[in-house]
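Welcome, and take a moment to look over the model before reading on. The tour below goes from the overall picture to a few contacts that are easy to find on screen.

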Amino acid sequence: MAKAKSSLSEVVSNSLNKTFDLSAFKKSKFLDQSSKFKKQRWLPFSPALQEALSIPGVPLGHVFVARGGSDTGKTTLLIEAAVEAQKQGILPIFIITEMKWDFVHAQKMGFQCEAVPDGNTGEVVDYTGFFIYVDRSSLNTIEDVSAFIADILNEQKQGKLPYDLLFLWDSIGSIPCDMSVKQGNNNPMWNAGAMATQFGNFINQQFPLSRKETYPYTNTLFVINKTGVQPALTPMSQPRMTNKGGNTMYWDATIVATFGNVTNSGTSKISVQHKGKKVEFAKRTKIAIDKIHADYGIATTSTVIVTPHGFIPDDKDDEKAYKAAHAHEWFGEKVNIDEIKVTEDNSEWEESSKISPIVEIDNEGTE
C-alpha cells in the first residue's frame, strides 16, 4: 500500500525541533497580524458600465487608472466614482490639473455640492460641500501633486481628517515636473522620471497599505491618464498607445480601463435634429479593461453610451428612452418626439490607418 504524502505543515514540523513555536516567534516580532487585510469593498459602477465591463466598480484601497483619447468618457467615470464615494461617506478629493472641470456637469450626474453666489451680483463664485478641491492655482508640477497627497494622508494619520479618502486626479500628463519648469523645457523623460520617483517609489504604495486591518482608514487613488500614439515601428507591427508621464501608474494600478481606440477617439457621435436645430446628446464609446489584478474580475472589451447624465447601455431602447426623457430640454416642452431625427457620425469609430510619423501625438481635447 502506497504511503500517503505528508502535508507541507507536517514536513516543516518534522524537519524542525518540535519544541519550537513559530506562532510565538511571529508574535514576538509583531508579525502575527502582518498578513491580515480588510474585506474588499467597491465604489460600484452604474449598471450600464457593470454590464459592459463585468466588474463591480472601483476597488477601494487601490490605484485605478482610466486612460484613452479625448472626450471618450473618462471624466464621466471619475464623476461617477465621486458620486458613489459621497454615498458611502468617503471624502472625494479632486486634483484638477487639466483645468476643464465643471461642477454643473458633476451636479447633473448626482454629485452633491452647493453653489456659493456673490453677495452683490448673485454670480456663482465657488462651490462647497462634502469634498476637497484643488487645481493649477496651487499645484503646478508633478512634485506639487505628490506633496499635496502626502500632506493630506499625513493629516489623516494625525486624526485631523477622520474619513476614508478618494483622490481623483484629472489628469496625469497635464502638468510637467519641477525640472521641466526650471529648464523651460517640457521634457517627457524628466516628467516620467518624476512620476516614477514621486509616485512609484512612495505615494502609490500608501493606498494598498491602507487595506491592512491595522490601518483605521481605506484610501483610494483614481487617476485619468492622458495618452499618445507611438507609430508602428515596422511594416508588420501596429501603432501602440502610450501613457503620458510614463508607465508608473499603469504598472502600479490594480485595474486599468481604456477608452476608445489607439489611433483615434474610437467614438461615434449621436445627435438629434428638429426643425433645423442639431444637438449632439451622446457618444457611443469603446471601453476595455486591459489590466486587472487576479481575482478582481476579468479583462473585457465592450461598448457603452456616454451622456451628460452618465452611462447608459449601448441599446436602442435605452437610447430611445434617454432621448424621450430629455428632448424637451433641447427643443422645448411642446416638441413631438416622433418628429426628432437621430443621426450618427461614426468617422472616429474605426482605427485610423493614417497617423503622423512622430513619436507621440498629444490628445489635448476635453475629457
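A residue is called buried here when its relative accessible area is under 20%, exposed when it is over 50%, and partly exposed in between (1.4 Å probe, protein chains only). What you see is a predicted model, in which local features need pLDDT of at least 70 and side-chain atom pairs count only at pLDDT 80 or more, while totals for chains, interfaces and linings use all residues. Residues are numbered from 1 along each chain as its sequence is written, and side-chain values use heavy atoms, with hydrogens and water left out.

**The overall picture**

The protein has 367 residues, and 46% of them count as buried. Its C-alpha trace spans about 90 × 65 × 50 Å along the principal axes. Helices (H or I, at least four residues) and strands (E, at least two) are DSSP runs, numbered from the N terminus. The protein contains 10 helices and 16 strands.

**Strand 11 and its neighbours**

A good place to start is strand 11, residues 255-259. Five of its five residues are buried, so this strand is largely enclosed by the rest of the structure. In a regular strand the side chains alternate between the two faces of the sheet. Here, Ile 255, Ala 257 and Phe 259 point one way, whereas Val 256 and Thr 258 point the other way.

Which strands pair with strand 11? Two strands pair if DSSP finds at least two bridges between them. Strand 3 (residues 63-68) runs parallel to strand 11 and is joined to it by five bridges. Strand 13 (residues 277-292) pairs with strand 11 in the antiparallel sense, also over five bridges. To find these pairings on screen, look for Arg 67, whose bridge partner in strand 11 is Thr 258, and for Val 256, which stands opposite Lys 291 in strand 13.

**Salt bridges**

Side chains of opposite charge can pair when their charged atoms come close. A salt bridge here is a side-chain nitrogen of Lys or Arg within 4 Å of a carboxyl oxygen of Asp or Glu. The structure holds 10 of these salt bridges, including the three in this table.

| Salt bridge | Closest N to O distance |
|---|---|
| Asp 290 and Arg 67 | 2.9 Å |
| Glu 98 and Lys 226 | 3.5 Å |
| Arg 284 and Glu 319 | 3.2 Å |

Asp 290 lies in strand 13 and Arg 67 in strand 3, so their salt bridge ties together parts that are 223 residues apart in sequence. Asp 290 is partly exposed, with a relative accessible area of 31%, while Arg 67 is buried at 8%.

Glu 98 sits in the loop between strand 4 (91-96) and helix 5 (103-108), and Lys 226 is in strand 9 (residues 219-230), so this pair connects parts 128 residues apart in sequence. Glu 98 is buried, with a relative accessible area of 10%, and Lys 226 is buried too, with 2%.

Are Arg 284 and Glu 319 buried or exposed? Both are buried. These two residues also belong to a network of salt bridges that links Arg 284, Asp 314, Glu 319 and Glu 344.

**Aromatic rings**

A pair of aromatic rings is described by the distance of the centres and the angle of the planes. Rings of Phe, Tyr and Trp (its six-membered ring) pair if their centres lie within 6.5 Å; planes under 30 degrees apart count as stacked, over 60 as edge-to-face and the rest as tilted. By this rule there are 18 aromatic pairs. One of them, Phe 20 with Phe 25, is tilted, with 6.3 Å centre to centre and 45 degrees between the planes. Phe 20 is partly exposed, at 45% relative accessible area, and Phe 25 is partly exposed at 40%.

The rings of Phe 281 and Tyr 322 have centres 6.0 Å apart and planes at 15 degrees, so this pair is stacked. Phe 281 lies in strand 13 and Tyr 322 in helix 10 (residues 316-331), so the pair ties together parts 41 residues apart in sequence. Phe 281 and Tyr 322 are buried.

Elsewhere, ring pairs link Phe 94, Trp 101, Phe 103, Phe 111, Tyr 127, Phe 131 and Tyr 133 into a cluster.
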